[in-house]
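Trainee: Hi! Could you walk me through this one in plain words?
Mentor: Happy to, let's look at it together.

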Amino acid sequence: MAGLVVPTRDSFGRLQDGTEISRFTFQNKNKVTVRIINYGGIITDILVPDKNGEIKDINLGFDNIKGYEARHPYFGAICGRVANRIAGGKFTLDGKEYQLPVNNGQNHLHGGVKGFDKVVWEARVDDDTLVLRYVSPDGEEQYPGELTTEVRYRLTNDNELSIDYTATTTKATPINLTNHSYFNLAGQGYPNLDDHVIWIDAFTYTPLDENNIPTGTLAPVSGTPFDLRNPTRLGDRLKSVRNGKGYDTNFCVGGRTGNLTRVASLAHTPSGRKIDVFTTEPGLQCYTGCNMAAGVFGKGGVEYRKLASVCLETQHYANSVNQPNFPSTILRPGQSYRHTTVYKFGLTS
Ligand code: BGC
């Protein structure tokens with residue numbers, strides 16, 4: 001299988017209940033290394049060289065399974081069944097009202113109390129692909145229908161980490177899957193994002209109300225701190241975003257749902273490291289770690305601070321299930337949910 005990057009498997013330790021967790025390591029010919037565990041489908045490490053060949057881990061996370069099993073802000077994880085917020089945890093589907101658990105103030109966030117980030121996925125390696133599969137029972141976290149989800153991770157020798165999501169259901173259900181990796185291209189644990197330059201190809205974004213729920217309008221980014229259509233240095237910009245709180249914002253990168261399109265790029269000037277984001281999804285939640293609690297210590301014992309990492313979460317818009325004018329997140333029996341996202345690691349030219 002020349003040219004394919006075939007992952008190897010080892011143990012990442014045991015959960016408190018004794019379940020052994022596997023870790024899969026992809027390493028390509030350019031010394032890009034990506035490690036993924038079958039707990040939460042979590043990407044634990046992404047090691048990439050800089051312009052001088054110096055390799056650093058650019059992905060926040062923990063050294064061991066204990067860190068991931070405890071409460072944490074979804075480092076590296078697959079979020080589902082519905083990533084992002086559902087207002088009040090409520091929705092009505094085909095005339096029936098549902099009340100999901102609320103785990104973020106008044107709202108349901110990232111799939112609830114035990115979302116897809118906290119479950120053990122069946123794992124198998126198929127040539128160069130790590131296939132993770134999870135069957136979410138009917139009624140899990142109060143969602144309707146048994147939902148069978150597969151997430152396929154691959155790393156190519158072109159430094160593309162691709163994530164393919166598919167799902168089918170036995171009853172109509174909302175679904176919105178994403179990966180919640182936090183990046184700092186200076187190396188995980190670096191205390192700020194100042195020298196990062198971001199570009200997001202969005203003309204509109206979804207403004208939020210006081211409960212962090214989209215108001216329902218698609219507002220033009222023009223003339224606001226949400227205009228990232230030209231590459232923008234975060235050190236200059238973050239202070240003017242939401243009174244210095246930074247981005248926790250859904251950008252409408254769509255109108256192109258279904259076509260894999262380059263929608264965002266994050267570059268770090270001193271090291272030259274760069275990530276290009278391609279997706280089939282209509283939204284990109286850019287989250288600059290604004291809600292990071294004090295005292296979160298990650299890999300190597302480093303403290304993870306606010307505004308020191310970026311998530312580029314490709315997904316549908318928050319609370320879509322309650323907003324008929326947003327692209328639909330409803331999956332029905334007989335249909336297939338599909339979403340592809342590619343993070344391509346490179347160097348600035
Ligand atoms: C949300 C934030 C939240 C963070 C960690 C992000 O996807 O947009 O509001 O604080 O996840 O839970």
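Trainee: What is the strand order in the open sheet of 6 strands?
Mentor: The order is β17-β26-β25-β22-β19-β20, and the pairing is antiparallel. At the edges are β17 (182-183) and β20 (219-220), each of which pairs on one side only. Strands here are DSSP runs of E with at least two residues, numbered from the N terminus, and two strands pair if DSSP finds at least two bridges between them. Keep in mind that this is a predicted model: local features need pLDDT of at least 70, side-chain atom pairs count only at pLDDT 80 or more, and totals for chains, interfaces and linings use all residues. Residues are numbered from 1 along each chain as its sequence is written, and side-chain values use heavy atoms, with hydrogens and water left out.

Trainee: How many bridges are there between β19 and β22?
Mentor: There are 2 bridges between β19 (residues 204-205) and β22 (residues 248-252), in the antiparallel sense. Thr-204 of that pairing stands opposite Cys-252 in β22.

Trainee: And what about the open sheet of 9 strands, what order does that have?
Mentor: That one reads β11-β12-β13-β14-β28-β24-β23-β18-β21, with antiparallel pairing. Its edges are β11 (122-126) and β21 (232-233); each has a single partner strand, so one side of each is left without a neighbour in the sheet.

Trainee: Which residue in β21 is the bridge partner of Ile-198?
Mentor: Thr-232 is the partner of Ile-198. Strand β18 (residues 196-200) is joined to β21 by 2 bridges.

Trainee: How is β28 joined to β14 and β24?
Mentor: With β14 (residues 160-169), β28 (residues 337-347) pairs over 8 bridges, and Thr-166 has Arg-338 as its bridge partner there. With β24 (residues 273-279), β28 shares 7 bridges, and Lys-274 stands opposite Gly-346. Both pairings are antiparallel.

Trainee: Let's pick one residue in β14. Is Ser-162 buried or exposed?
Mentor: Ser-162, which sits in strand β14, is buried, with a relative accessible area of 7%. Buried means under 20% relative accessible area, exposed means over 50%, and partly exposed is in between, using a 1.4 Å probe and protein chains only.

Trainee: What does Ser-162 touch?
Mentor: Not counting residues up to four places away in sequence, Ser-162 touches Arg-152, Tyr-153, Arg-154, Thr-341 and Val-342. Contact means heavy atoms within 4.5 Å.

Trainee: New topic: which residues touch the most other members in the largest nonpolar core?
Mentor: That core has 57 residues, and Val-34, Tyr-153, Ile-200, Tyr-247, Phe-251, Leu-312 and Phe-345 touch the most other members. Another core, of 19 residues, lies apart from it, with Ile-37, Tyr-39, Phe-62 and Ile-65 among them. A nonpolar core is a set of buried Ala, Val, Leu, Ile, Met, Phe, Trp, Tyr and Cys residues joined through side-chain atoms within 4.5 Å.

Trainee: Where is Gly-88?
Mentor: Gly-88 is in the loop between β7 (85-86) and β8 (90-93). At 23% relative accessibility, Gly-88 counts as partly exposed. Beyond its neighbours within four places in sequence, Gly-88 is in contact with Gln-99, Val-102, Gln-106 and Asn-107.

Trainee: Now the empty space. What volume does the largest pocket have?
Mentor: About 560 Å³. It is lined by 24 residues, and Arg-71, His-72, Pro-73, Tyr-74 and Leu-109 are the closest to its centre. On a 1 Å grid over the protein atoms alone, a pocket is an open set of points with protein on both sides within 12 Å along at least five of seven lines, while a cavity is a set where a 1.4 Å probe fits but cannot get out; lining residues have an atom within 4 Å of a point. Grid points are joined across faces, edges and corners, and a volume is the space filled by probe spheres set on the points.

Trainee: How many cavities of 30 Å³ or more are there?
Mentor: The search of the whole structure finds 3. The largest cavity holds about 50 Å³ of space, and its lining includes Val-82, Ala-83, Tyr-317 and Thr-329.

Terms used:
Helices (H or I, at least four residues) and strands (E, at least two) are DSSP runs, numbered from the N terminus.
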